[in-house]
Structure formats: C-alpha cells, structure tokens
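Visitor: I have a structure open and want to learn how to read it. Where do I begin?
Guide: Put it up, and we will go feature by feature.

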Amino acid sequence: VPAFARWVKRNTHPHKQTGYRAAILSLKATGQAPGDLDAARMENVADWAQQWSFGEIRVSHEQNLVLPHVAERDLFALWQAADAVGLAHPNAGLLTDIICCPGGDFCSLANAKSIPVAEAIQRRFADLDYLFDLGDIALNISGCMNACGHHHVGNIGVLGVDKNGEEWYQITLGGHQGPDASLGKVIGPSFARAAMPDVIEKIIQVYVERRE
C-alpha cells in the first residue's frame, strides 16, 4: 500500500530491539492547532499504546505523540487505526510538521497569533510529493520573544512582533536543533500576516534552486 509505505518512511524510526520501530502519530493536520488532540482520539491513542506499545506513549517537543515500541508486524494495523481518525499524516519532519505556540489566540503574553499562520502555510504546501522532495525542514513559530515555539532553532523561524498594535512576523533562517545546534539569523524587516505564505514559498523556492 503506497500510503502505508510513505507513512513508514516518514513517521517511524528504527528501534534498538530488532523487529520493532518507534511510530510517530502526527498532530499536524491542516485546520487544527498544531499539537492539539481531542479527548476521544486521546482515548484511541491510549488503547493503541496498550495494544501495540507496551502501554507507553511519549510526547515529543515537536508536538507529536510517539508510540516507542511497536512490533514491525503490527505497524500496518496501527497505521489503519490511526488513518481512520486522522492521525496518520506522513509528514513527520517535513515543512508542514510545524512547531507552533498557542500565540495570540490563547496566550496573553503573545504579540501575534501563531496558529492561523501555521494553517496558512500548511494549506500553501499541501502537496505531499513536493514536501517529500523537499525533505527535512523544520519550521517553528513563536508568538513572542518567550520563544515557546523554539523559532530560533528552526531551519525557518517565525517570530510574532507588535508594531503599533498590529501583528507582524520576523523571519530567521539557518537555525538547527540537536548536538550541533545553531541559532537562526534574522533576514530583514518583518512581514504582515497575510504575506507569510508567500514569504515562506519564496524562501523555499530559493532553497530548491541553491541547495547542494
């Protein structure tokens, strides 16, 4: 099944124990707040953990859920169950796997909204084939300098700023997490919210043209 193979490639990782893999349940469906999950589907995940992952669920800082000990023979059944409730998006590590803080919709500290920006970018980059061709890209969004979305270590970082009571967004490039972590560099003036999908698309176009 091509869809299953795509999910295995992007959303599972090798386990130290032969015959097992760690499976990522993506909480990055377009149209919902990144990392958000309703109670009914959380019950589903709990059942899957009991059935297929020795009762263990982990929450990743990328705002996804991980079943860390799934037997390879059970991956197809898990994928079918997850796909049936919208938790099998094969986008782990891709551009639409956006780390996003609650922003101005839910947080009183925020200078700008984050969730609508994430959704607009996800809608612009809805072509999975194109996302797979792009490969791993970390896009992180924070609604203020508290940086709950880790924007400064995203390959592309978006920071919400307040300009005279209006929402604007500053872009950083070149951030990276991990043992060789680096902070992104600001690329110029900030942009209005409506322009953000165009801005990200332009950045990606330049990346595709010049990457090595």
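Visitor: Which residues of helix 1 are buried?
Guide: Start with the general idea. An α-helix has 3.6 residues a turn, so residues three or four places apart point the same way. Now the case here, in what is a predicted model. Helix 1 covers residues 2-11, and its buried residues are Phe4, Trp7, Val8, Arg10 and Asn11.

Visitor: What do the buried residues of helix 1 pack against?
Guide: Two strands and two helices: strand 1, strand 2, helix 3 (75-84) and helix 5 (128-134).

Visitor: Strand 1 and strand 2 come up there. What is the order of the strands in the open sheet?
Guide: Strands of a sheet pair through backbone hydrogen bonds, either parallel or antiparallel. This open sheet has four strands in the order 1-2-4-3, and the pairing is antiparallel. Strand 1 (12-14) and strand 3 (58-59) are the edges, each pairing on one side only.

Visitor: How many bridges join strand 2 to strand 4?
Guide: Five, between residues 20-25 and residues 65-71. Use Tyr20 as a marker: Ala71 of strand 4 stands opposite. Helix 2 (residues 39-52) lies across strand 2 and strand 4, at about 25 degrees to strand 4.

Visitor: Now strand 6. Which way do its residues point?
Guide: In a regular strand the side chains alternate between the two faces of the sheet. Strand 6 spans residues 139-142. Leu139 and Ile141 point one way, Asn140 and Ser142 the other, and all are buried.

Visitor: Which strands pair with strand 6?
Guide: Strand 5 (residues 99-100) pairs with strand 6 in the parallel sense, over two bridges. Strand 7 (residues 156-163) is also parallel to strand 6, over four bridges. Follow Ile141: Cys100 is its bridge partner, and Val158 in strand 7 stands opposite.

Visitor: Is Ala118 buried or exposed?
Guide: Ala118 counts as buried because its relative accessible area is 0%, where buried means under 20%. Ala118 lies in helix 4 (residues 115-124). Leaving out residues up to four places away in sequence, Ala118 touches Pro34, Ile98, Cys100 and Ile141. Val158 is 40 residues from Ala118 along the chain, yet their C-alpha atoms are separated by 9.8 Å.

Visitor: Last, the surface. Which residues make the nonpolar patch?
Guide: Tyr130, Tyr207 and Val208, over about 230 Å². Tyr207 belongs to helix 6 (residues 196-210). Its relative accessible area is 33%, so Tyr207 is partly exposed.

Key: Residues are numbered from 1 along each chain as its sequence is written. This is a predicted model: local features need pLDDT of at least 70, side-chain atom pairs count only at pLDDT 80 or more; totals for chains, interfaces and linings use all residues. Side-chain values use heavy atoms; hydrogens and water are left out. Two strands pair if DSSP finds at least two bridges between them. Contact means heavy atoms within 4.5 Å. Axes are lines fitted to C-alpha atoms, for helices over the stretch in contact, and angles run from 0 to 180 degrees between N-to-C directions. Buried means under 20% relative accessible area, exposed over 50%, partly exposed in between (1.4 Å probe, protein chains only). Patches are made of residues with over 30% relative accessible area and no salt bridge: like charges are joined within 9 Å, nonpolar side chains (Val, Leu, Ile, Met, Phe, Trp, Tyr) within 5 Å. Accessible areas come from the Shrake-Rupley method with a 1.4 Å probe; for residues, only the protein chains shown count as cover. A salt bridge is a side-chain nitrogen of Lys or Arg within 4 Å of a carboxyl oxygen of Asp or Glu.
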